[in-house]
Amino acid sequence: MASAPRITVIGTGYLGATHAACMAELGYEVIGVDVDPDKVSDLQAGRVPFYEPGLEELIAPHIASGRLRFTTSAEEAAAFGDVHFICVGTPQRKGEFAADTSYLDQAVDALAPHLVRPCLVVGKSTVPVGTAARLAERLSARAPVGEAAELAWNPEFLREGHAINDTLRPDRLVVGVRSAAAEARLREVYAPLLDAGVPFLTTDFATSELVKVSANAFLSTKISFINAMAEVCEAAGADVTQLSEALSYDPRIGGLFLNAGLGFGGGCLPKDIRAFMARAGELGVDQALTFLREVDAINMRRRFKMVDLAREACGGGFLGRRVAVFGAAFKPESDDIRDSPALNVAAQVQLQGGEVTVYDPKATDNARKMYPGLAYADTAFDAARGAHVVLHLTEWREFRAIDPEELGEIVAARHIIDGRNALDAPRWRAAGWTFRALGRP
């Protein structure tokens, strides 16, 4: 692939490091760029500073071959690359719903002054609609090559825990472009995926930006819908897992994202739906997305319900009671604790007087930094020792494999609450446990 475009990836967090590794896997020469020298050193040594299944194994051979390397120099990246992917974060602004796009501005400002030959800069971050048009002007105004430094938008659709597969075998590729040349360049970059039959959709900037936030809004709504049904089931004495299964056979509905439980968290869905509402307000169409406020509210109520169930299991109060929390990451196969429902519940229980011990297969170190007041254990059994109630809050496979009889021998009381509707209730009840779950009698 001697004449193939050379790739740079600006920002080497979860999205950027994965994208850089996968571009190298597709055969391209790639430089990853980050302002954090420690992160760059780790990645250059083949150490990924977060957990994503298979990523270290994917990066290692490409680092060894020299096809993939990492640097802190935007100037080096500009001289090297033909296509520059921007993969920086867009977190929620403090005290607001709106997204903070300042990291995108900083990335463009660092790269643009060194762009002295035609190139394509491709945004992958999740952004408020209108951001790409603004950045296109910013890019051409700051680049010595002017409008020959063209912008495109190519939103990511990665699921944590499945990021490599979602990059190399995506459901679709969406590109927002303003020229045939930009589209052609992206078709060239993604040629191996297109040859495998991946759909390629070409849109304008605004539509490409809306695809990602609309997808996240829809998924959030579906999750909160079934959790709203869980609230009704709790009042009516029905079983939301059976309700969900019955609904899933309707092809218009389907079963994906229809599992009732503790709700969504992480660094995408919560902040993205809030930013979407904020941007709709700026555009004068805030009423169009008013329903997302209730989606968000339903999601948060599930956390309060879990605390209520835990309090009931402890006899009406947490003082003097030990509570084991299984899970800290916002989802399994990840060490991401951003807006983690599990840790939110754990912190609420502790504030109300409970003695909380948390165990997670991958996220304990991150949790300890963010929630130093909680106690942590090295195994699920250590966390549960002497507990008056066990809370199952992140659906790791390891927790489903636990022997209820064996665990029952070390707890103070056999009470378990399944916040993810993932455990085998008859198996736990047969072992003498009082088994409760969200949305189930």
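# Helix 12, two cavities and two single residues

In helix 12, the buried residues are L269, P270, K271, D272, I273, R274, A275, F276, M277 and A280. This is a predicted model, and helix 12 is a good place to enter it.

Helix 12 runs over residues 269-282. It is mostly covered, with 10 of its 14 residues buried. Buried here means under 20% relative accessible area. What does the covering? Helix 10 (205-236) and helix 13 (291-313) are among the elements that cover the buried residues of helix 12.

The length of helix 12 can be checked. At 1.5 Å a residue, its 14 residues should span 20 Å. The end C-alpha atoms are 20 Å apart, so the model agrees with the expected value. After helix 12 comes G284. The phi of G284 is positive, near 85°.

Next, the enclosed space. How many cavities of 30 Å³ or more are there? The count comes to 2.

Begin with the second largest cavity, since helix 12 returns there. This cavity holds about 90 Å³ of space. Helix 12 gives the largest share of its lining, 5 residues. K271, D272, A275, F276 and R279 are among the lining residues. Of these, K271, D272, A275 and F276 also appear among the buried residues of helix 12. The rest of the lining consists of T90, A99, T126, V127, P128, V129 and V213. By character, the lining divides into 7 nonpolar, 2 polar and 3 charged residues.

One lining residue leads on to a loop. A99 lines the second largest cavity, and A99 is also in contact with R93. R93 sits in the loop between strand 4 (83-86) and helix 5 (102-111). Leaving aside neighbours within four places in sequence, R93 is in contact with A98, A99 and D100. Is R93 buried, exposed or partly exposed? Its relative accessibility is 35%, so R93 counts as partly exposed. A longer distance can be read from R93 too. R93 and A181 are 88 residues apart along the chain, and their C-alpha atoms are separated by 35 Å.

Now the largest cavity. It holds about 150 Å³ of space. Its lining has 15 residues. Which of them lie nearest its centre? They are K124, L158, D166, T167 and L173. Helix 1 supplies the largest share of the lining, 3 residues. Helix 7 (163-168) also supplies at least two. The lining divides into 8 nonpolar, 3 polar and 4 charged residues.

Helix 1 deserves a closer look through T18. T18 lies in helix 1, which covers residues 14-25. Its relative accessible area is 0%, so T18 is buried. Which residues does T18 touch, beyond those up to four places away in sequence? They are G13, L55, L158, A163, I164 and T167. Two of these names tie back to the largest cavity: L158 and T167 lie among the residues nearest its centre. Helix 7 spans 163-168, and A163, I164 and T167 are among the contacts of T18.

Last, a region taken from a record. UniProt lists residues 324-425 as "domain: UDP-glucose/GDP-mannose dehydrogenase C-terminal", in an unreviewed entry. In the model, this span is 32% helix and 18% strand. The end C-alpha atoms of residues 324-425 lie 18 Å apart.

Definitions and conventions: Residues are numbered from 1 along each chain as its sequence is written. This is a predicted model: local features need pLDDT of at least 70, side-chain atom pairs count only at pLDDT 80 or more; totals for chains, interfaces and linings use all residues. Side-chain values use heavy atoms; hydrogens and water are left out. Helices (H or I, at least four residues) and strands (E, at least two) are DSSP runs, numbered from the N terminus. Buried means under 20% relative accessible area, exposed over 50%, partly exposed in between (1.4 Å probe, protein chains only). Contact means heavy atoms within 4.5 Å. UniProt positions are given in the numbering used here, feature names are shortened, and annotations may be inferred rather than shown by experiment. The expected span of a helix is 1.5 Å times one less than its number of residues. On a 1 Å grid over the protein atoms alone, a cavity is a set of points where a 1.4 Å probe fits but cannot get out, and a pocket is an open set with protein on both sides within 12 Å along at least five of seven lines; lining residues have an atom within 4 Å of a point. Grid points are joined across faces, edges and corners, and a volume is the space filled by probe spheres set on the points. Ala, Val, Leu, Ile, Met, Phe, Trp, Tyr, Cys and Pro count as nonpolar, Asp, Glu, Lys and Arg as charged, and the others, Gly among them, as polar.
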